[in-house]
Amino acid sequence: MLVSKDEQSSGWEVSTIMATPITTVLCDLDGTLIDSRRDIALAFQHALCHIVEGILPDEATIAQHIGKPLEHMARELGYHFAPPQLTLFLETYRSHYAASGARHTRPYPGVMATLHALASLRCGVVTTKAQEQAEAVLCHLHLTSFFQHIQGWVPGLQLKPAPDSVIAALAALNCAPQQALMVGDTAADILAGKAAGLKTCAVTYGFGALEELQHCQPDYVIDTFSDLVRLVAGP
């Protein structure tokens, strides 16, 4: 189902069109385009093993924090690393994740068909993944050709919920914020999109909690990625 938030706070109502024409769609990666929870959890657990002892958080617990920077994920799971430990953790995670080849990761249902249907629009990816990892995963899953720009993390760039990565993607795509839609599964995605001046669309099938997403007041909420086609179709 596709719903929009009524500005007079009368609740979530069914909507099939967007009032302002959209020319550019920016998508989060993990939890929005791809189900990567197992590969991320395995790499996270592998990195933790090099620093801490005892029982590690399970896949479901780790998945609740996917979409945040790795340091923030670790902190919210109760791990507070000294700078040398954090460096080792990040390096070990990224090395293991790169070597795994995203073997358990798949696009969510309807993603490929929907991206084909949106071919007339400019599309970009905005993710907290390191730039090279984002590019590698999209290539591995044969999704690269759908996107005119991939904005991953690069040194010096503030990650979502800061708007910096969204603004960088808009600049690369030569798009005004009013013409763009940010699609994501976490509060960080919605807050970053809003801060950059975009319309926002939350997806309910990813890693973010619905209550947290609704608290951010996204302009739209969809239950399947395929609903994007109706959302951006226009009158």
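**Exercise 1.** Identify the residues with the most contacts inside the largest nonpolar core, and the helix that gives the largest share of this core.

*Solution.* The largest nonpolar core holds 55 residues, and V25, L33, F44, F89, L143, F147 and L228 have the most contacts inside it. A nonpolar core is a set of buried Ala, Val, Leu, Ile, Met, Phe, Trp, Tyr and Cys residues joined through side-chain atoms within 4.5 Å; buried means under 20% relative accessible area (1.4 Å probe, protein chains only). Helix α1 (residues 37-49) supplies the largest share of this core, 6 residues. A second, separate core has 12 residues, among them V166, A169, A180 and M182.

The model is predicted: local features need pLDDT of at least 70, side-chain atom pairs count only at pLDDT 80 or more, and totals for chains, interfaces and linings use all residues. Residues are numbered from 1 along each chain as its sequence is written, and side-chain values use heavy atoms, without hydrogens and water.

**Exercise 2.** Determine which residues of helix α7 are buried and what covers them.

*Solution.* First, helices (H or I, at least four residues) and strands (E, at least two) are DSSP runs, numbered from the N terminus. In α7 (residues 164-173), S165, V166, A169, L170 and L173 are buried. These residues lie on the same side of α7, because they cover an arc of only 140 degrees around the axis, taken from the directions from the helix axis to the C-beta atoms. Their cover includes β3 (24-27), β6 (122-130), β7 (149-153), β8 (180-184) and α8 (187-195), with contact meaning heavy atoms within 4.5 Å. Finally, just after α7, N174 takes a positive phi of about 55 degrees.

Conventions. Buried means under 20% relative accessible area, exposed over 50%, partly exposed in between (1.4 Å probe, protein chains only).
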